[in-house]
Amino acid sequence: MMEKNRTKWNERYQQEPHPKPPSPIVRRFCARAPRGRALDIACGTGGNTGFVAAKGFAVDAVDISDAALGILSQQTPAVNAVQADLDTYEIPPDRYTLILNIRFLNRRLFPYIKEALLPGGMLIFETFVEAPRGHTLTVSCRDYLLRENELLHAFLSLYVIHYEEKSVVTPRGKGKMASLVGIKR
């Protein structure tokens with residue numbers, strides 16, 4: 001399965017090799033996180049990674065795509081790029097002051113994310129939600145979509161400073177996005 005996923009994502013990043021700009025939620029909240037070590041989960045070509053590295057974080061950037069990580073390493077050589085299958089990757093505990101999880105969902109990682117944050121560390125998490133009828137976002141599998149309020153309930157042990165679910169329009173269609181920013185107590 002890992003090889004199939006790696007091949008799929010390598011093909012996508014070879015077609016779109018330029019990093020996307022940092023997510024608005026990352027731009028809005030990352031300055032509130034204490035400086036230290038950051039983790040970017042499913043970093044792709046590193047738009048968010050490069051942004052937080054420029055803000056003074058030492059960043060571990062994890063992705064399955066070696067093509068994406070190659071582009072990232074050229075753009076931001078100081079980043080620690082880690083090629084890993086996030087279906088089996090174990091995030092080290094008590095390590096990060098900032099964790100980013102943008103447009104990616106693997107529920108298996110939820111407890112690892114909470115354990116990986118240092119006290120006072122911040123999680124910025126944003127991904128798609130199962131949308132009501134009339135939305136056209138195409139997703140290959142419902143497993144990659146949150147249920148309504150699921151993200152909020154999954155991270156209630158954090159001090160939540162921002163949460164919203166809103167309709168969005170993407171190049172892939174109309175959908176719904178959940179955003180959460182929380183701090184570990």
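Let's start on strand β2, where the bridge partner of L39 is D60. A second bridge into β2 joins I41 to V62. These residues come from a predicted model, so please read everything below as a description of that model. β1 (37-41) and β2 (58-63) pair in the parallel sense, over five bridges. Strand β2 is also mostly covered, with five of its six residues buried.

From this pair you can step out to the whole sheet. Seven strands make up an open sheet, and their order is β3-β2-β1-β4-β5-β7-β6. The pairing in this sheet is mixed. Which strands stand at the edges? They are β3 (80-83) and β6 (159-170); each has a single partner strand, so one side of each is left without a neighbour in the sheet. On average, neighbouring strands of the sheet are turned by 15° against each other, direction ignored. As a general reminder, strands of a sheet pair through backbone hydrogen bonds, in either a parallel or an antiparallel way.

Now bring in the helices. The protein chain has six helices along with its seven strands, and reading along the sequence gives the pattern α-α-β-α-β-α-β-β-α-β-α-β-β. Helix α4 (66-75) lies across β2 and β3, and runs at about 175° to β3.

Helix α3 covers residues 47-54, and its buried residues are G47, N48, T49, F51 and V52. What covers them? The cover includes two helices you can look for, α2 (24-29) and α4, as well as the strands β1, β2 and β4 (96-102). Just after α3, G56 takes a positive phi of about 105°.

Next, look at the nonpolar interior. The largest nonpolar core has 25 residues, and those that touch the most other members are I41, I91, I99, I113, L123, F125 and F155. You have already met I41 as the bridge partner of V62 in β2. At least two residues of this core come from each of β1, β4, α5 (110-116), β5 (117-129), α6 (150-154) and β7 (173-183). Strand β5 gives the most, with four residues. To see the packing around one member, pick I99: leaving out residues up to four places away in sequence, I99 touches L39, I41, I113, A116, L117, M122, L123 and I124. A second, separate core of 21 residues includes V52, A61, L72 and I124. V52 is also one of the buried residues of α3, and I124 is among the residues that I99 touches.

What about the cysteines? The structure holds zero disulfides. C30 counts as buried because its relative accessibility is 1%, and C43 counts as buried because its relative accessibility is 9%.

Finally, step back to the chain as a whole. Of its 185 residues, 47% count as buried. The protein chain exposes about 9400 Å², and carbon and sulfur atoms supply 51% of that area. Among contacts between residues at least 6 apart in sequence, 59% join residues at least 24 apart. The contact of I99 with L39 is a good one to find on screen, and the bridge between L39 and D60 then takes you back to β2, where this tour began.

Methods
Residues numbered from 1 in each chain as written. Predicted model: local features only at pLDDT ≥ 70, side-chain atom pairs only at ≥ 80, totals over all residues. Heavy atoms only, no water. Buried < 20%, exposed > 50% of the residue type's maximum accessible area, 1.4 Å probe, protein only. Contact = heavy atoms within 4.5 Å. Disulfide = S-S within 2.5 Å. Areas by Shrake-Rupley, 256 points an atom, 1.4 Å probe, with all protein chains shown as cover. Core = buried A, V, L, I, M, F, W, Y, C linked by side-chain atoms within 4.5 Å. Pairing = 2+ DSSP bridges. Axes fitted to C-alpha atoms, helices over the stretch in contact; angles between N-to-C directions.
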